[in-house]
Amino acid sequence: MKKIAASFEAFTVYKNKLYAALYSFNAIICLDLISEELTVVSYLDEEDVLGKRLIGDMCILDNYLFLVPMTANAIYKIDLDTNDLSSISLDIGRAESYTGYLSESKFLSVHQCDGRLFLFPATYPAIVEVNTNSNEIIYHDAWVKDIAGKGRKEENAFFRKTLKVGGCVYAPICSMNAMLIFDMEKKKHNIIEIDKGQEGFSGVCFDGENYWFSPRTGNSVIKWNDNSGKIERIKYSYDKSYLPSNIIYFNGYVWVLPLNGRSIFRVNIEDNHTQ
């Protein structure tokens, strides 16, 4: 039997099982982290069999696996007891009316609040709220006018990776050095300028005192204290093919994870030393 190398970008862990959407073709898989057994949970029947990067993110709520579309054309919902698959339609027409929208780059981030899902867009022109009981969708787009056309002109994406803190989501902006804060309970937003630059951000994490941003362009991680306003730029050596993606905090270090590149690097939060 021929072996096929598989990779994934969107995944989540639930009850000692890792669920993932394969990157290069249409399949949702499950790896039992105890027995190491690998199974296929579902195929997305409404999507191309060889569809690439179909899912941008996923989460589990009430024993359902929710799949957030990147290149896919709908939100998908899998019952983990039966593996039954259903879809929730998106208003694609409202997206196509926005000139920066790319159908292959819809959403990359999802968060939960009070039994509802909030999908944060890459280029879809709204934060999408989903009632997981009724499948009703509400589109929050008041923030779009505050971002669209005001940052780096060649950048289509609004956000990449986001961070939930309490009932709020912190969404670093790709086209400018700023961050949108969206209150999922009050359904209100605020945009904070970090500095005047337009390198943009890919991801954000919090170490308990400072926020850290991975760059969308350039070669500096930004460390920002929201109380004092102090900003530090931590430069790292890289080649032009290296494109940072997410950034996470763990045990005294901030880890920068690449979208393209062969290495992961970390920053000591005390002395800003990189390695």
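Begin with the whole protein chain of this predicted model and display its contacts: among those with a separation of 6 or more, 39% join residues 24 or more positions apart.

**The whole chain**

Colour the protein chain by secondary structure next. Two helices and 23 strands will appear. The radius of gyration is 19 Å, close to the 19 Å that the globule rule gives for 275 residues, so the chain is as compact as a globular protein of that length. Aligned along the principal axes, a box of roughly 50 × 45 × 35 Å holds the C-alpha atoms.

Now switch to a surface representation. The protein chain exposes about 13,800 Å², and carbon and sulfur atoms supply 48% of that area. Of the 275 residues, 51% are buried. Colouring by charge brings up 29 positive and 35 negative charges, whose mean positions are 6 Å apart.

**The loop between β5 and β6**

Select β5 (55–61) and β6 (64–69), then move to the loop between them, where Asp62 is located. Asn63 is found in this loop as well. Most residues other than glycine have a negative phi. Which sign does phi take at Asp62? Asp62 has a positive phi, about 55°, although it is not a glycine. Asn63 likewise has a positive phi, in this case about 65°, and it is not a glycine either.

Are these two residues buried or exposed? Asp62 counts as exposed because its relative accessibility is 59%, above the 50% cut-off. Asn63, by contrast, has a relative accessibility of 18% and therefore counts as buried, the limit being under 20%.

**Thr132 and its surroundings**

Proceed to β11 (127–131) and β12 (137–140); Thr132 sits in the loop that links these strands. With a relative accessibility of 7%, Thr132 counts as buried.

Show the side chain of Thr132 together with the backbone of Gly115. How far is the backbone oxygen of Gly115 from a polar atom of the Thr132 side chain? The distance between these atoms is 2.8 Å.

To complete this view, select the residues that Thr132 touches, leaving aside those up to four places away in sequence: Leu61, Phe66, Lys77, Gly115 and Leu117. Two of these names lead back to the previous stop: the range of β5 is 55–61 and that of β6 is 64–69, and Thr132 touches Leu61 and Phe66. Keeping Thr132, Asp62 and Asn63 on display together places the loop between β11 and β12 and the loop between β5 and β6 in a single view.

Terms used
Residues are numbered from 1 along each chain as its sequence is written. This is a predicted model: local features need pLDDT of at least 70, side-chain atom pairs count only at pLDDT 80 or more; totals for chains, interfaces and linings use all residues. Side-chain values use heavy atoms; hydrogens and water are left out. Helices (H or I, at least four residues) and strands (E, at least two) are DSSP runs, numbered from the N terminus. The radius of gyration is taken over C-alpha atoms; the globule rule is 2.2 Å times the number of residues to the power 0.38. Buried means under 20% relative accessible area, exposed over 50%, partly exposed in between (1.4 Å probe, protein chains only). Contact means heavy atoms within 4.5 Å. Accessible areas come from the Shrake-Rupley method with a 1.4 Å probe; for residues, only the protein chains shown count as cover. Lys and Arg count as positive and Asp and Glu as negative; His and the chain ends are not counted. The place of a charge is taken as NZ of Lys, CZ of Arg, CG of Asp or CD of Glu. A polar contact is a pair of N or O atoms within 3.5 Å; within protein, one must be able to donate a hydrogen and the other to accept it, and residues adjacent in sequence count only if both atoms are side-chain atoms.
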